[in-house]
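Let's walk through this model together, from the whole chain to the place where two chains meet and then to a few single residues. Keep the viewer open as you read.

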2 protein chains.
Amino acid sequence: MSRASFEELQRRLQEISDLGKTMSLLAWDQQVMMPRRGAAIRAEQLATVGRIAHEKFTSPEIGRLLDELRHFGEEHEYDSFEASLIRVVSRDWEKARRVPSDLRAEMSRSAALANPVWVDARKNNDFASFLPVLRKNLDLRKRYIDCFDVGDEPYDIVLDDFERDMKTAEVRQLFDYLKAHQAPLVKEVAARASDDGPATGEFPLGVQKQFELEVAHAFGFTEDAWRLDPTVHPFASGTGITDIRITTRYFLDNLDGLFAVMHEFGHGLYEHQIDPGLERSPLARGVSLGMHESQSRMWENLVGRSLPFWRHFFPRLQELFPTPLAGHDAERWYREVNTVEPSLIRVEADEATYNLHIILRFELEQAMLADEFPLEQLPEEWNRRVWDYLGIEVPTYALGNLISAQIWEKVVADLPGLYGEFEQGEFGSLRDWLREHLHRHGRKFTPAETLERVAGTSEIDPEPYVRYLREKLAGIYGIAATAA
Amino acid sequence: MSRASFEELQRRLQEISDLGKTMSLLAWDQQVMMPRRGAAIRAEQLATVGRIAHEKFTSPEIGRLLDELRHFGEEHEYDSFEASLIRVVSRDWEKARRVPSDLRAEMSRSAALANPVWVDARKNNDFASFLPVLRKNLDLRKRYIDCFDVGDEPYDIVLDDFERDMKTAEVRQLFDYLKAHQAPLVKEVAARASDDGPATGEFPLGVQKQFELEVAHAFGFTEDAWRLDPTVHPFASGTGITDIRITTRYFLDNLDGLFAVMHEFGHGLYEHQIDPGLERSPLARGVSLGMHESQSRMWENLVGRSLPFWRHFFPRLQELFPTPLAGHDAERWYREVNTVEPSLIRVEADEATYNLHIILRFELEQAMLADEFPLEQLPEEWNRRVWDYLGIEVPTYALGNLISAQIWEKVVADLPGLYGEFEQGEFGSLRDWLREHLHRHGRKFTPAETLERVAGTSEIDPEPYVRYLREKLAGIYGIAATAA
């Protein structure tokens, strides 16, 4: 009887999963393929599919099945598919049923309609044309928050969607720690500018794509299960474990697009290495945004900005781009891709200042939700804080970076030959380690439980990242390898 | 009260239309973009979205609303949106509710799973690997037919889905007429082989795409509402009136890909020029497959294989492909693209033998549904009939070709300057005429009613096509311009 109920639950969740992945395709296509004038009807399609998925998920029938299956779930091992599915879905259902389907649909529609407006506004540096759209989306977000009992801070509601169980106050605490321990490091670096000039000249776009694919293939990208396409704002997506879509963008005068590819590869690999037995269930996703970012930042920075990686790939890079890289060698290129230099654009920021952008957004989003300033002033508020932080007073790190370093210490301890493999252009051990310890679990466990399994502690700990960064910058800038 | 019911019906149909267009995107992506290993989950996604759309459409609630709205519909003018929607949907609903949602879902899933198997089998010339998939799809088709009261012939049920109200016997009659009147024409041509040799040499693929886009833009393709992509088997699709996707394929030694682009452009233009007021309703589609094919064949043949068209475009073509077209001029190229020469592959067939393939399939499909031979023998049956027909005994024409010539006689009478415009590379008058007389109506009327409006008669008439072809071939091969 319980088995039959479980199968009925599973069947319903499969249908909802199919609708979710269908929305992923509608959204991927919108940003990568869709002709501009398709935007209005696409917003309706996203709203309709989103509404149906939400209606089906929040139906009382699902609640009844979950009630019926409580004991069935407890009878199974904690790690089993059955127990995990019932546990995770029960929590999802309790949250989702508080949100009316029409609000969900309106959120999908408005976000889809906002995208082309944002693309145009960004191109024309025209915040005014984006303002009404931003206001609409912010109002919807507030209505969403109103569906829940707000405890200490409204932002907790939003944060929980991305980082289950985490409180805004905890993030603030982590960021405060980082402010205290990060500032000295960056000050030390700032005092020692490198003598190297940067690579100058053009990196032809077609050749960039060729090199990106060579790196991606070495990482584990295969044509039969992955795509790489250009877009305005890089992201990773897909319609299933064996259909992963990553995107990047191209600049003629630098290789930022390559680092975006490695970043999005990390996201894609997480989804690609989930246990195929979880496919078509709500467990077939990364456990949280922080954990997802740990994977993207790992492949972008801990691998893609490491010296062993470039010992292998630099000769090929120089062969493909002889003009801008004349006079470079692997070591100099390694220093260049690790230059600490503030940028106004988050996705182009270097490893050390990236998180300034994150904390900036974190604080701005809280302020917007709390109506702390009129929305028209967003550019001024953004500018004020950008300059506060990018004046290099309080560099901080985002959760994903912190987690990536925690995991990395485990990886390196388990795989002593890892850097030697990178120098050979081999990344299979890393890929397999991540699948075994992290990826395959999908959303079976909470973020804290997942972190416990992969890093041996359930707490996000900022120390490994600070340590990693200090050691790396010590090698490049000659600062002390341990804090004074 | 009736107005409120009508709005409720409309709202429900909008949701179903969004799901239908979402399926179009899932299918387009599958054939154009999807990595190979995405096939299995894509089949589930198509099945799920298809099942939900079918469940929503066949719900008793829609039947109740249609009942309630019978008088409301009759009170409105026949051509009005209200009357047309109620009329067309009532008939669709009566058909759809006979088909179980699970069968619909299984048909979507099986068709999607068949696609990659067909692509591989086709590449490897391996019918055996396709056989089980074909058998499964054929069985489902038979189960579908069993949902209806079969009158004279089972094939009528299938035909009605594509060509509402038409009977298999009527098609057979048209084809018989064509056999009687077409054979002499082709025999006459066969006796007079052209002295010209064909263009030989390579047509680089990138240059082909460039020329295709130049032609498509002259026809009315715009980047903001259309896409052109490569695929295995050319088709037209889209997610709405302002998001039209056409596809083609490329061969290094010929320009068949260009004619596929013009063909698919004709399909796309039909959907693109539907009255925007019909968007998100079941009326926002072409009225029938025959009418749709009339549009594709018109742009491919009546425009794209006409001498005025090539008077304008040949110089540019020669500039782009100087090697294979050395020694050609517009007239010789016009003769070459109108060469009558049997081919085994339908989409590569010339204008005169194309319909052999159609009648072959028409007869084979009837025989398969009636179990007239074991399915393993399909290649033999196909070969036997191919050689019967492509031995040039009974050339025939498909409905779309016949309709295209009927419409064309009206177009030319209304627009005496048409060919002069083609020679200037201008196609706006044709486009506008088609929108006004045909495209904008979408599915408001029956195929017969639609034909009446666009061609002045509700009957498909084979004479104009035979006349058109004889006149054209007279110019090229020197046969008599009127039948003896």
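What follows is a short tour with the cut-offs given along the way.

This is a predicted model, in which local features need pLDDT of at least 70 and side-chain atom pairs count only at pLDDT 80 or more, while totals for chains, interfaces and linings use all residues. Residues are numbered from 1 along each chain as its sequence is written, chains are lettered from A and ligands numbered from 1 in the order in which they are written, and side-chain values use heavy atoms, with hydrogens and water left out.

Begin with chain A, which has 21 helices and three strands. Both kinds of element are DSSP runs numbered from the N terminus: helices are H or I with at least four residues, strands are E with at least two. Of the 484 residues of chain A, 56% count as buried, where buried means under 20% relative accessible area, exposed over 50%, and partly exposed in between (1.4 Å probe, protein chains only). Taking the contacts of chain A with a separation of 6 or more, 73% come from residues 24 or more positions apart; a contact here means heavy atoms within 4.5 Å.

How are the two copies related? A rotation of 180 degrees, with 0.0 Å of shift along its axis, superposes chain B on chain A with an RMSD of 0.0 Å. The two copies are thus related as by a two-fold rotation axis. The fit is by least squares on the C-alpha atoms of residues with pLDDT of at least 70 in both copies. In addition, 100% of the interface residues of chain B are also interface residues in chain A, so the copies meet through the same surface.

At that interface, 38 residues of chain B are in contact with 39 residues of chain A. The buried area is about 3,200 Å², with 58% given by carbon and sulfur atoms; this is the accessible area (1.4 Å probe) that two parts lose on being put together, summed over both. The rule finds 18 residue pairs in polar contact across the interface, both residues at pLDDT 80 or more. On the chain B side, at least two residues each come from helix H1 (2–32), helix H2 (39–57), strand S1 (226–230), strand S2 (236–240) and strand S3 (243–248). H2(B) supplies the largest share, 10 residues.

A polar contact is a pair of N or O atoms within 3.5 Å; within protein, one must be able to donate a hydrogen and the other to accept it, and residues adjacent in sequence count only if both atoms are side-chain atoms. One such contact, of 2.6 Å, joins the side chains of A:Asp18 and B:Thr48. A:Asp18 lies in helix H1 (residues 2–32) of chain A and counts as buried because its relative accessibility is 0%. Beyond its neighbours within four places in sequence, A:Asp18 is in contact with A:Arg280, B:Glu44, B:Gln45 and B:Thr48.

Now look at B:Leu19, in helix H1 of chain B. B:Leu19 also counts as buried, at 0% relative accessibility. Setting aside residues up to four places away in sequence, B:Leu19 touches residues of both chains, including A:Val49, A:Ile52, B:Val49 and B:Ile52.

Finally, a backbone detail: A:Asp165 has a positive phi of about 75 degrees although it is not a glycine. A:Asp165 sits in the loop between helix H8 (155–162) and helix H9 (168–190) of chain A.
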